[in-house]
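Here are two short exercises to try with the structure open beside you. Have a go at each task before reading its solution.

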Amino acid sequence: APAGVPVVVLVRNTVLIWVLAGLGIAVIAGLGGVVVASAIRRYRDAHRPLPPPRPADEVALERLAQIEAMGLVEAGDYQKLALLVSEVAREFLGNMYGFQGVDMTSWEVLQALKDRDLRRADPLEIDDFLSLCDLVKFAKFEPTADEARGLLRRARDLVERVRTAPAPAPAPDPDPIADVLPSGEDNHAV
């Protein structure tokens, strides 16, 4: 170019454009991959099967041990003790027999247990236990320390009696003659 004539200095750098475009696409693809992976993880977590529920007796015995560790008998807080122990017993019975025991009155719990296999538990003992808890909770009955400890013992005993199923009867032998005949003989020959 002759002197004094302006020269165009602006030159299109296609290599730089392609590199920047590739980097931009890679960043967008990476972010999209992170979003998709996160969505898949959330979906899997939401649809993962829940662990099996803990047995009702195990939960009840654990809660009774926690209540005992609270020292309510020693503190003389018998109302709270009766409330908590009654709640554990009602929840346990409800979980074992399929009703909402915590939301029911003592009479309703006993009605729900009517005609049920209580295993080794006596319905009259359950009635007496729930009635004593109700007296302490609602009628402000002041039990002795031994009676208060007895609430925990009786609740534990109730759980043990209900959870212990009777021993199953032995299964009958499907072919009693097969035990008598020597091996190799035909059991159906006349």
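Helices (H or I, at least four residues) are DSSP runs, numbered from the N terminus. The model is predicted, so local features need pLDDT of at least 70 and side-chain atom pairs pLDDT 80 or more, while totals for chains, interfaces and linings use all residues. Residues are numbered from 1 along each chain as its sequence is written, and side-chain values use heavy atoms, with hydrogens and water left out.

**Exercise 1.** Find which helices each supply at least two residues of the lining of the largest cavity.

*Solution.*
1. List the lining: Ala-56, Val-59, Ala-60, Arg-63, Val-88, Glu-91, Phe-92 and Asn-95. (A cavity is a set of points on a 1 Å grid over the protein atoms alone where a 1.4 Å probe fits but cannot get out; lining residues have an atom within 4 Å of a point.)
2. Turn to the helices: α2 (56–69) and α4 (78–97) are the answer.

**Exercise 2.** Work out which parts the salt bridge between Arg-163 and Asp-57 ties together.

*Solution.*
1. Check the contact: the closest N and O atoms of Arg-163 and Asp-57 are 2.9 Å apart. (A salt bridge is a side-chain nitrogen of Lys or Arg within 4 Å of a carboxyl oxygen of Asp or Glu.)
2. Place the partners: Arg-163 lies in helix α7 (residues 145–163) and Asp-57 in helix α2, so the pair ties together parts 106 residues apart in sequence.
3. Look at exposure: Asp-57 is buried, with a relative accessible area of 15%, whereas Arg-163 is partly exposed at 34%. (Buried means under 20% relative accessible area, exposed over 50%, partly exposed in between, with a 1.4 Å probe and protein chains only.)

Notes. On a 1 Å grid over the protein atoms alone, a cavity is a set of points where a 1.4 Å probe fits but cannot get out, and a pocket is an open set with protein on both sides within 12 Å along at least five of seven lines; lining residues have an atom within 4 Å of a point.
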